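Please open the model in your viewer with the backbone drawn as a cartoon and side chains ready to switch on. The tour below goes from one selection to the next and says what is there at each stop.

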Amino acid sequence: MKNEQPSANESEATAPRHFIRQAIDRDRAAGKNEGRVITRFPPEPNGYLHIGHAKSICLNFGLAQEYGGRCHLRYDDTNPAAEDVEYVDAIEADVRWLGFDWGEHHYFASNYFEQLYTYAEELIENGKAYVCTLSPEVFKDYRGVPTRPGKESPSRNRPVAESLDLLRRMRSGEFADGEYVLRAKIDMASPNLHMRDPVLYRIKRFHHHRTGDQWCIYPMYDFAHCISDAIEGITHSICTLEFEVHRPLYDWILDNISVPCHPQQIEFARLNLSYTVMSKRRLLQLVQEGRVEGWDDPRMPTLCGMRRRGYPPAAIRQFCETIGVTKFDSTTEVELLEHCVRTDLNKHALRRMAVLDPIKVVITNFPDESERMVNAINNPEDEQAGTRPMAFTQEIYIERADFAEEPPPKYFRLAPGKSVRLRYAGFITCESVEKDEATGEIRALHCRWDPPETKVKVKATIHWVSATQSQQAEVRLYQRLFTVADPMEDKEREFTDFLNPDSLRVVEARVEPTLLEAAPGDAFQFERTGYFCADHKLSQPGQPVFNQVVALKA
RNA sequence: UGCCGGAUGGUGUAACGGUAGCACAGCAGACUCUGAAUCUGUUUGUCUAGGUUCAAAUCCUAGUCCGGCAACCA
């Protein structure tokens with residue numbers, strides 16, 4: 001399937017003026033940054049991107065596009081203990097797949113290590129930072145708690161020259177991990193814990209995926225992030241709510257060093273989705289415990305999972321626009337995401353017939369060996385998609401659920417003595433039921449056939465495939481990964497207790513022969529059943545495996 | 001019990017002193033060679049209490065409830 005780029009008016013058409021757009025409008029009206037809008041998407045390469053990241057990606061890249069600016073892709077790779085190059089490539093593939101392009105603007109915080117270090121020395125020289133010798137345990141004690149102020153470190157008034165010397169020796173590898181840290185000199189009595197002389201650099205002997213063993217000291221997020229933003233000339237540094245309390249520190253650092261500009265940090269609420277979990281830690285746990293088949297398992301809320309599942313990127317973008325941007329911590333119902341997926345696929349997916357749980361129907365008045373070609377419409381939403389021929393034969397398969405021996409009230413489909421229309425192929429009336437004598441299981445239905453021209457009044461049309469011409473294909477049916485809307489709600493139990501044991505069901509379906517030519521990623525609507533997509537991992541040439549993207553509405 | 005943020009139907013959002021709107025979900029109906037799509041109708045909402053005003057979701061005061069913050073993580 002083609003990955004169409006998001007058009008500029010894709011978001012503008014329905015764009016509500018959420019508070020970040022309003023802030024940017026105000027800045028531009030006031031002539032701030034000469035009206036430029038430069039944003040950034042700053043993932044840490046320590047896990048795979050999920051639908052929550054998509055919200056941030058669409059926001060940052062979308063805003064840049066909307067205002068004629070640009071968005072940088074920058075890795076926040078300041079903690080080599082957690083990060084790996086494996087994730088870098090995966091992140092890029094996901095952002096591209098979503099439809100966004102960073103152009104030349106591809107950066108790593110680690111590219112700035114030398115500059116960052118220079119700013120650290122500047123801070124010391126200005127008396128705004130010092131090297132502290134407190135051990136981690138004592139350090140914690142000195143920090144105090146939210147309701148009680150902290151205590152000043154004995155190192156706080158260390159002479160500038162001494163701190164400078166110590167920092168240089170930290171860098172040169174003279175000390176053991178954790179022996180010294182560089183701290184900002186702010187206010188140990190601040191009600192904001194992050195302002196109580198926060199750590200700026202720590203000694204950490206870890207091989208970095210980009211800088212190798214060049215460094216044994218690494219900057220903390222708070223120090224690296226704001227300066228990286230300033231170096232890149234970011235105008236609006238958009239992040240999630242939990243960084244709100246970091247904003248005073250973000251501003252303090254930039255106010256106390258000679259950076260070229262001072263970006264503005266703006267926080268918004270991260271996405272929560274019902275019937276799933278969204279933290280990297282828990283997603284990793286599902287993978288490691290083998291609860292799913294990997295990060296890209298189609299049941300995962302990861303972008304690679306959704307890609308395999310067959311979610312169109314345009315649907316995810318539409319979803320991200322629809323949910324809006326606020327500072328209110330909320331949970332969006334997964335039904336809305338599914339609605340966006342169906343809306344997109346309804347317009348674009350070719351229709352095909354596939355019988356997931358086949359039961360044989362023998363047409364009693366149809367000549368043996370003979371076949372009748374019918375014309376099936378490929379996509380009623382798109383005339384350009386044309387038609388295809390389908391062979392109607394003496395024996396066909398229909399869905400087991402489309403026959404009821406004792407039909408309940410309001411059951412419109414096939415039953416003994418009752419008629420239904422076969423999609424594009426006339427009508428059948430059930431004359432007799434052939435059962436296995438031992439088990440009572442229905443083996444086949446014997447039906448009389450009437451051509452399409454016949455004037456018959458039926459309430460239902462069902463799908464079918466030729467028994468002799470259809471092919472076998474593996475189809476994977478998915479349900480929600482969890483049985484409850486909020487797997488984290490019950491604090492007494494593990495979220496894995498709520499895993500849905502039926503989240504994956506594999507069936508052998510009978511499909512139209514042309515479906516065997518489906519290429520990985522091709523999406524179809526199996527009529528009356530749902531949307532399906534050829535899996536790019538499990539499919540073999542000529543033998544596709546289909547993932548259920550989403551069912552049709554009941 | 002400290003600081004920061006937040007509160008509009010079941011859910012997500014809009015309205016920025018002037019008719020509480022949209023989408024999803026639900027329900028009912030129309031249409032239909034997909035019980036889909038489409039179309040129509042419809043149930044349900046401004047956290048509470050005061051105040052300002054001709055007029056308050058919106059401004060003010062007090063409260064209630066919810067989220068975040070005490071990694072040498074990001």
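Two strands count as paired if DSSP finds at least two bridges between them, and the strands (E, at least two residues) and helices (H or I, at least four residues) are themselves DSSP runs, numbered from the N terminus. With that in hand, select strand E5 (residues 181-184) together with E4: 4 bridges join these strands, which run antiparallel. Within this pair, Cys132 stands opposite Val181 in E5.

Before going further, note that this is a predicted model, in which local features need pLDDT of at least 70 and side-chain atom pairs count only at pLDDT 80 or more, while totals for chains, interfaces and linings use all residues. Residues are numbered from 1 along each chain as its sequence is written, chains are lettered from A and ligands numbered from 1 in the order in which they are written, and side-chain values use heavy atoms, with hydrogens and water left out.

**The four-stranded sheet and the helix across it**

Extend the selection to the open sheet of 4 strands, whose order is E4-E5-E6-E7 and whose pairing is antiparallel. At its edges are strand E4 (129-132) and strand E7 (217-219), each of which pairs on one side only. From one strand to the next the twist averages 20°.

Now add helix H5, which lies across E4, E5, strand E6 (199-203) and E7, and runs at about 120° to E6. Axes here are lines fitted to C-alpha atoms, for helices over the stretch in contact, and angles run from 0 to 180 degrees between N-to-C directions; contact means heavy atoms within 4.5 Å.

**Two helix pairs**

Keep H5 (residues 113-125) and select helix H8 (residues 221-231): their axes come within 11 Å and cross at roughly 110°. That makes H5 roughly perpendicular to H8, since angles under 35 degrees count as roughly parallel, over 145 as roughly antiparallel, 65 to 115 as roughly perpendicular and the rest as oblique. Show the side chains of Gln115, Leu116, Tyr119, Ala120 and Leu123 of H5, and of Phe223, Ala224, Ile227 and Ile231 of H8, which make the contact. By class, the contact of H5 with H8 has 8 nonpolar, 1 polar and no charged residues, where Ala, Val, Leu, Ile, Met, Phe, Trp, Tyr, Cys and Pro count as nonpolar, Asp, Glu, Lys and Arg as charged, and the others, Gly among them, as polar.

For the second pair, select helix H2 (residues 19-29) and helix H3 (residues 51-66), which pack at an angle of about 35° with their axes 12 Å apart. Ile20, Arg21 and Ile24 of H2 meet Leu59, Leu63 and Glu66 of H3 in this contact, and its residues divide into 4 nonpolar, no polar and 2 charged.

**The seven-stranded sheet**

Move next to the open sheet of 7 strands, in the order E19-E16-E17-E18-E12-E15-E20, where the pairing is mixed. Strand E19 (461-462) and strand E20 (464-466) are the edge strands, each pairing on one side only.

Select strand E18 (residues 442-450) and strand E12 (residues 358-363), which run parallel and are joined by 4 bridges; here Val362 stands opposite His446 in E18. Strand E17 (residues 427-435) pairs with E18 in the antiparallel sense over 8 bridges, and Val433 stands opposite Leu445 in E18. E17 and E18 form a hairpin with 6 residues between them, and Gly440 in the turn has a positive phi of about 80°.

Finish at strand E15 (residues 395-399), which pairs with E20 in the antiparallel sense over 3 bridges, with Ile396 opposite Ser466 in E20.
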